[in-house]
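Biologist: Before we start, please show me the model. I would like to ask how its descriptions are arrived at.

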Amino acid sequence: ARELHWAGLEVDATLETDGTLTISELQQMVFTGDWNGGERSFRLFPGQELELRRVVRIDPATGRERDLVRGDLDQLDHWDRTSSNVVRWRSRLPSDPEFEATRIDYRIDYRLTGALQKLGDRRYKLEHDFAFADRAGVIERVVVRLTLGPGWKATSAHPVSWETGALTPGEQFVVPVELEFEGAAGVALPAKAAPPRLSPEFRWGAVGVFLAGVLWFVVRFVRRDAALGRF
């Protein structure tokens, strides 16, 4: 039988001055059975961009770290993106013995732009899910620590860390923080904080294309039925 759960998930996030959310995520994974490796699925919203920087394997007993190589997933300790929002890595070769409640820690370092919602001129809201809901097993403990870079101030409760107990598959851990950007006068707003807003011309153009498509469908429908003698 195959079983996978997380002994813990620890996240250190920093909101940079330009609005980029820089995240270092420690996954304490416990494998049982013939698992080949791990997978991390990211939920990306329109306008958000994900930059994966490193995947590191950590020996829980010694703390020794090993950078995984990006590339062929048939090779041990290799990682790669299999789609725009999924990363996978190889932890075991098919010829290796099966895992027996084997714990392996992995750290994923990545950057996310467009992670905030714009509330006003200099007001924003972070409402990010730090515990990926699309996973195979339970996370026994989640800890999230958030650091605000220069220029940012929290206007809602901002504890040292957020923590929760067991999360079943499908459960999220959303950290909501309302923020204000206090850059000096004349300093531009953080360009990477919120997804870019579409210009009015683009939005009206999209509406026009949609209406044109509807009109084309109606005209074809009427012409077809007229040719069949239904009118």
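**Pockets, pairs and rings**

Modeller: By class, eight nonpolar, three polar and five charged residues make up the lining of the second largest pocket. The model is a predicted one.

Biologist: Which elements give two or more residues to the lining of the second largest pocket?

Modeller: They are strand E1 (3–15), E3 and strand E8 (86–90). The lining has 16 residues, and nearest the centre lie Trp-35, Gly-37, Gly-38, Glu-39 and Arg-88. The space in this pocket is about 310 Å³.

Biologist: What makes a residue such as Gly-38 count as polar or nonpolar here?

Modeller: The classes are fixed by residue type, and Gly is counted among the polar ones, so Gly-38 is polar.

Biologist: How much space lies in the largest pocket, and what lines that pocket?

Modeller: The space is about 390 Å³. The lining has 22 residues, with Arg-43, Phe-45, His-128, Asp-129 and Gln-172 nearest the centre. Two or more residues each come from strand E3 (37–41), strand E9 (99–113), strand E10 (116–118) and strand E11 (123–129). E11 gives the most, four residues. Sorted by class, the lining holds 10 nonpolar, six polar and six charged residues.

Biologist: Why are E3 and E8 said to pair?

Modeller: At least two bridges are needed for two strands to pair. E3 and E8 have five bridges, in the antiparallel sense, so by that cut-off they pair. In one of the bridges, Gly-38 has Trp-89 of E8 as its partner.

Biologist: What makes E3 an edge strand?

Modeller: The open sheet has four strands in the order E3-E8-E7-E6, and its pairing is mixed. E3 pairs on one side only, as does strand E6 (69–70), and these two are the edge strands.

Biologist: How many aromatic pairs are found in the whole structure?

Modeller: The search finds six.

Biologist: Why is the pair of Phe-42 and Tyr-110 called edge-to-face?

Modeller: Centres within 6.5 Å make a pair, and planes over 60 degrees apart make it edge-to-face. The ring centres of Phe-42 and Tyr-110 are 4.9 Å apart and the planes stand at 75°, so both conditions are met. Phe-42 is in the loop between E3 and strand E4 (49–58) and Tyr-110 is in strand E9, so this pair ties together parts 68 residues apart in sequence. Both Phe-42 and Tyr-110 are buried.

Biologist: Which pair do Trp-152 and Phe-181 form, edge-to-face or stacked?

Modeller: It is edge-to-face, with 5.2 Å from centre to centre and 65° between the planes. Trp-152 belongs to strand E13 (residues 152–154) and Phe-181 to strand E15 (residues 174–181), so the parts tied together are 29 residues apart in sequence. Tyr-124 joins Trp-152 and Phe-181 in one aromatic cluster.

Biologist: How do you know whether Trp-152 is buried or exposed?

Modeller: Buried means under 20% relative accessible area. Trp-152 has 7%, so Trp-152 counts as buried. Phe-181 has 3%, so Phe-181 is buried as well.

Biologist: What makes the charge of Arg-40 sit over the ring of Phe-42?

Modeller: The distance cut-off is within 6 Å of the ring centre, and there is a limit of 35 degrees from the ring normal. The charged end of Arg-40 is 4.1 Å from the centre of the Phe-42 ring and sits over that ring. Arg-2 likewise lies over the face of Trp-35, 3.8 Å from the ring centre.

Key: Residues numbered from 1 in each chain as written. Predicted model: local features only at pLDDT ≥ 70, side-chain atom pairs only at ≥ 80, totals over all residues. Heavy atoms only, no water. 1 Å grid on protein atoms, 1.4 Å probe; cavity = no way out; pocket = protein on both sides within 12 Å on 5 of 7 lines; lining within 4 Å. Points joined across faces, edges and corners; volume = space filled by probe spheres on them. Phe/Tyr/Trp six-rings, centres within 6.5 Å; stacked < 30°, edge-to-face > 60°. Buried < 20%, exposed > 50% of the residue type's maximum accessible area, 1.4 Å probe, protein only.
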